[in-house]
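Here's an informal walk through one structure, question by question. Take a look at it first, then follow along.

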Amino acid sequence: VNSTIEHRSLHHRAAQHNSIHMRLLLLLLSCLLQPHSTNSLGHPALLTSIKSFHQPPSSSVADACRIFHGRGGLHPGADHLTLDYYAPVFLLTSFGVELEDNELDSYCSALCETLDANEDDDDISQQHELTIVYQCRGANTTAETRLLCGTIPDPHIVTENNGHDQYLIHLLRGQNHGLFLDMSNGRTWLRNKCQTKDISSVLNLFSYTCAFSVAALNGGADKVVNIDMSRGALKVGQRNHELNGISSKASFLSHDIFKTWGKMKRAGPFDCIVVDPPSYQKGSFVAKKDYGKVIRRLPSLLNEDGYALLCLNAPEMNSDFLLDKVKEECGTEMVFVERLENPSTFQSAFSERALKVLLFQYQPSDDVSSVAT
């Protein structure tokens with residue numbers, strides 16, 4: 001009996017030992033599989049961009065911009081990195097790769113040196129402390145957003161159009177921050193068209209925080225209708241309009257676009273429709289299956305010679321997706337005008353994987369002539 005008990009005890013201890021080994025092995029594998037940056041001293045291309053950033057964009061049009069765009073594939077080994085400036089805060093983002101503390105320290109040190117070297121530049125050095133937010137996001141990592149140093153203004157407001165267009169920013173909440181920097185050329189195009197009175201009325205679909213609306217109304221538009229399912233985003237949009245003193249000419253509808261065609265038609269027709277949807281938002285909009293449903297409604301909502309600005313930020317779908325959908329749903333009535341260039345700070349080695357902003361014009365007559373932009 002004693003021998004049997006001793007044998008069982010040894011067997012139990014061996015099982016425990018094996019279990020511990022197995023747990024250690026799984027922990028080791030988890031650590032190995034978790035993506036981490038191997039560049040502990042910082043990526044040279046990003047460090048170079050930091051050192052050369054001595055003021056807001058040379059045109060001084062905006063105080064929010066992208067400083068480094070590793071996602072464009074032009075800097076090997078930096079595909080996961082971006083650095084943005086939302087004055088007076090720097091936002092460092094890593095996609096799918098966790099940055100080690102010593103790499104974060106190298107970027108913080110470089111930014112600190114940049115501010116010190118440009119202490120006479122009022123645009124940046126009017127701030128008396130360095131403020132950096134770090135965000136790590138992606139399917140293979142633990143999502144994280146934290147303030148590395150400094151203090152974020154409350155409210156945090158950035159500007160475009162030489163300070164005339166003001167936008168509220170929130171860097172510590174979620175993955176979208178209130179203003180899409182890569183869409184700045186689209187806002188500029190719309191603002192200019194409103195200034196020349198080519199556009200007076202705008203329907204802003206998937207409006208988010210209504211930045212297109214702010215640009216249009218500050219440009220001289222008479223009316224903008226903003227539609228988005230997110231009440232929270234629209235509330236920020238309303239605050240943006242209050243901030244700019246243009247609330248009286250804008251309306252905000254928190255509706256499912258696919259159930260609101262009647263209201264849109266009664267509010268129209270419009271001189272311009274902006275369509276800037278998420279590429280994939282479960283239960284709301286999936287570009288591959290839903291974009292066509294929006295495109296087929298455009299002719300019924302536009303004035304003759306009205307514009308449609310169609311945006312697509314899905315790397316897996318190229319420009320032909322939109323061109324084909326427009327032809328399929330609208331025939332020859334919607335005429336392709338041009339693809340707007342992305343901002344120079346968003347240069348990409350793969351243009352069809354980057355943001356695509358395509359401009360069309362509604363010409364219902366059979367005689368489809370060339371379109372001037």
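Q: In which loop is the place of Pro-88?
A: First, a bit of background: this is a predicted model, where local features need pLDDT of at least 70, side-chain atom pairs count only at pLDDT 80 or more, and totals for chains, interfaces and linings use all residues. Residues are numbered from 1 along each chain as its sequence is written, and side-chain values use heavy atoms, leaving out hydrogens and water. Helices (H or I, at least four residues) and strands (E, at least two) are DSSP runs numbered from the N terminus. On that numbering, Pro-88 is in the loop between S2 and S3.

Q: Is the peptide bond from Ala-87 to Pro-88 cis or trans?
A: Most peptide bonds are trans. This one has omega near 5°. The bond from Ala-87 to Pro-88 is therefore an exception to what most bonds do: cis.

Q: What is omega for the peptide bond from Asp-154 to Pro-155?
A: Pro-155 lies in the loop between strand S5 (144–149) and strand S6 (156–160). The bond leading into Pro-155 from Asp-154 is cis, with omega near 0°.

Q: Which residue other than glycine has a positive phi, near 55°?
A: Most residues other than glycine have a negative phi. To find this one, go to the loop between strand S8 (201–205) and H6. There sits Phe-206.

Q: Are H6 and H7 roughly parallel or roughly antiparallel?
A: Axes are lines fitted to C-alpha atoms (for helices, over the stretch in contact), with angles from 0 to 180 degrees between N-to-C directions. For helix H6 (residues 211–219) and helix H7 (residues 231–244), they come within 10 Å and cross at roughly 25°. Angles under 35 degrees count as roughly parallel, over 145 as roughly antiparallel, 65 to 115 as roughly perpendicular and the rest as oblique. So H6 and H7 are roughly parallel.

Q: How many residues of the contact of H6 with H7 are charged?
A: Contact means heavy atoms within 4.5 Å, and here Ser-213, Val-214, Leu-217 and Asn-218 in H6 meet Asn-240, His-241 and Asn-244 in H7. Ala, Val, Leu, Ile, Met, Phe, Trp, Tyr, Cys and Pro count as nonpolar, Asp, Glu, Lys and Arg as charged, and the others, Gly among them, as polar. That leaves two nonpolar residues, five polar ones, and, for charged residues, no member at all: none.

Q: At what angle do helix H9 (residues 287–295) and helix H11 (residues 319–330) pack?
A: H9 and H11 are oblique to each other. Their axes are 9 Å apart, and the angle is about 45°.

Q: Which residues of H9 make the contact with H11?
A: On the H11 side are Phe-321, Leu-322, Lys-325, Val-326, Glu-329 and Cys-330. By class, the contact residues of the two helices come to seven nonpolar, one polar and three charged. H9 brings Ala-287, Lys-288, Tyr-291, Gly-292 and Ile-295.

Q: What is the volume of the largest pocket?
A: On a 1 Å grid over the protein atoms alone, a pocket is an open set of points with protein on both sides within 12 Å along at least five of seven lines, while a cavity is a set where a 1.4 Å probe fits but cannot get out; lining residues have an atom within 4 Å of a point. Points are joined across faces, edges and corners, and a volume is the space filled by probe spheres set on them. The lining of the largest pocket divides into 22 nonpolar, 16 polar and 11 charged residues. Its volume is about 1600 Å³.

Q: Which residues lie nearest the centre of the largest pocket?
A: The lining takes in 49 residues, with at least two each from strands S1 (64–69), S2 (81–86), S3 (89–95) and S12 (280–281). Nearest the centre are Arg-137, Asn-176, Phe-180, Asp-182 and Asn-313.

Q: How much space lies in the largest cavity?
A: The structure holds one cavity of 30 Å³ or more. Among the 14 residues lining the largest cavity are Phe-180, Ser-207 and Asp-276. The space inside is about 110 Å³.
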